[in-house]
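Let's take a friendly walk through a protein model, looking at how helices pack and how charged side chains pair up. Have the structure open and follow along.

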Amino acid sequence: MTSADHPSVLFVCVHNAGRSQMAAAYTHHLSGGRVEVRSAGSAPADTVNPAVRQAMLEDGIDISAETPKLLTAEAVQASDVVVTMGCGDACPVYPGKRYLDWQLDDPAGQGVDAVRPIRDEIRRRVTGLLGELGAHPGKEA
């Protein structure tokens, strides 16, 4: 189901300010560019959650340049795997796409102490997904 060159994954949450941003950053970082990554939100926020930025920086990943993006049908159609994280019915469904729903706490309004366990669980799930896609995490750069 993946493209000939690189599988593509779209991470979707409501605000595209926390969970989907962390998942996209980990996928990009851990795959070493072997996976095309997108993230979006059904009702995007203005900025990425500051506690999420801080928690990712603690793990050596700077997402300060990222901005929340609106979920589009085109983004879904261009992806092999769509991972939803609380966007519910707002995510369009297309035949031939693989859909995963990751039940994760929402970091909105939380401090960095509450974000860390969410971050760590997202990293664990991304690592598993990369293994399934044949884009096993390599040594980090």
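A crossing of two helices is called right-handed if the near helix is turned clockwise from the far one by less than a right angle, and left-handed if anticlockwise. Keep that in mind while you look at this model, which is a predicted one.

**Helix α1 against helix α4**

Start with helix α1, which covers residues 19–31. Its crossing with α4 is right-handed. The two helices pack at an angle of about 45°, and their axes are 9 Å apart. Angles from 35 up to 65 degrees fall in the oblique class, and α1 and α4 are therefore oblique to each other. Who does the touching? On the α1 side there are R19, M22, A23, Y26, T27, L30 and S31. On the α4 side you'll find V115, I118, R119, I122, R123, V126, T127 and L130. Sort the residues of this contact by type and you get nine nonpolar, three polar and three charged.

While you're at α1, look for S20, which also sits in this helix. Is S20 buried or exposed? With a relative accessibility of 0%, S20 counts as buried. Setting aside neighbours within four places in sequence, S20 is in contact with F11, V12, C13, S39, A40 and M85.

**Helix α2 against helix α4**

Now for another partner of α4. Helix α2 spans residues 50–58, while α4 runs over residues 112–132. They pack at an angle of about 60°, with 9 Å between their axes. That angle makes α2 oblique to α4. As for handedness, α2 passes α4 in a right-handed crossing. From α2, the residues A51, V52, Q54, A55, M56 and E58 meet V112, V115, R116 and R119 of α4. This contact divides into six nonpolar residues, one polar and three charged.

**Salt bridges**

Side chains of opposite charge can pair when their charged atoms come close. How many salt bridges does a search of the whole structure find? It turns up eleven. Here are some of them, with the distance between the closest N and O atoms:

| Pair | Closest N and O atoms |
|---|---|
| E66 and K69 | 3.9 Å |
| E132 and R98 | 2.4 Å |
| R124 and E121 | 2.6 Å |

Take E132 and R98 to begin with. E132 lies in helix α4 and R98 in strand β4 (residues 98–101), so this pair ties together parts that are 34 residues apart in sequence. E132 counts as exposed, at 53% relative accessibility, whereas R98 is partly exposed at 27%.

The pair R124 and E121 is a more local affair: these two are three residues apart in helix α4, so about one helical turn separates them. R124 is exposed, with a relative accessible area of 53%, and E121 is partly exposed at 23%. Some salt bridges share partners, too, and they join E58, D113, R116, R119 and D120 into one network.

What about E66 and K69? Both have some access to the surroundings: E66 counts as partly exposed at 39% relative accessibility, and K69 is partly exposed at 32%.

**Putting it together**

Go back to α4 once more and you can follow several threads from there. It packs with α1 and with α2, and E132 in α4 pairs with R98 in strand β4.

Conventions. Residues are numbered from 1 along each chain as its sequence is written. This is a predicted model: local features need pLDDT of at least 70, side-chain atom pairs count only at pLDDT 80 or more; totals for chains, interfaces and linings use all residues. Side-chain values use heavy atoms; hydrogens and water are left out. Axes are lines fitted to C-alpha atoms, for helices over the stretch in contact, and angles run from 0 to 180 degrees between N-to-C directions. Helices (H or I, at least four residues) and strands (E, at least two) are DSSP runs, numbered from the N terminus. Angles under 35 degrees count as roughly parallel, over 145 as roughly antiparallel, 65 to 115 as roughly perpendicular and the rest as oblique. Contact means heavy atoms within 4.5 Å. Ala, Val, Leu, Ile, Met, Phe, Trp, Tyr, Cys and Pro count as nonpolar, Asp, Glu, Lys and Arg as charged, and the others, Gly among them, as polar. A salt bridge is a side-chain nitrogen of Lys or Arg within 4 Å of a carboxyl oxygen of Asp or Glu. Buried means under 20% relative accessible area, exposed over 50%, partly exposed in between (1.4 Å probe, protein chains only).
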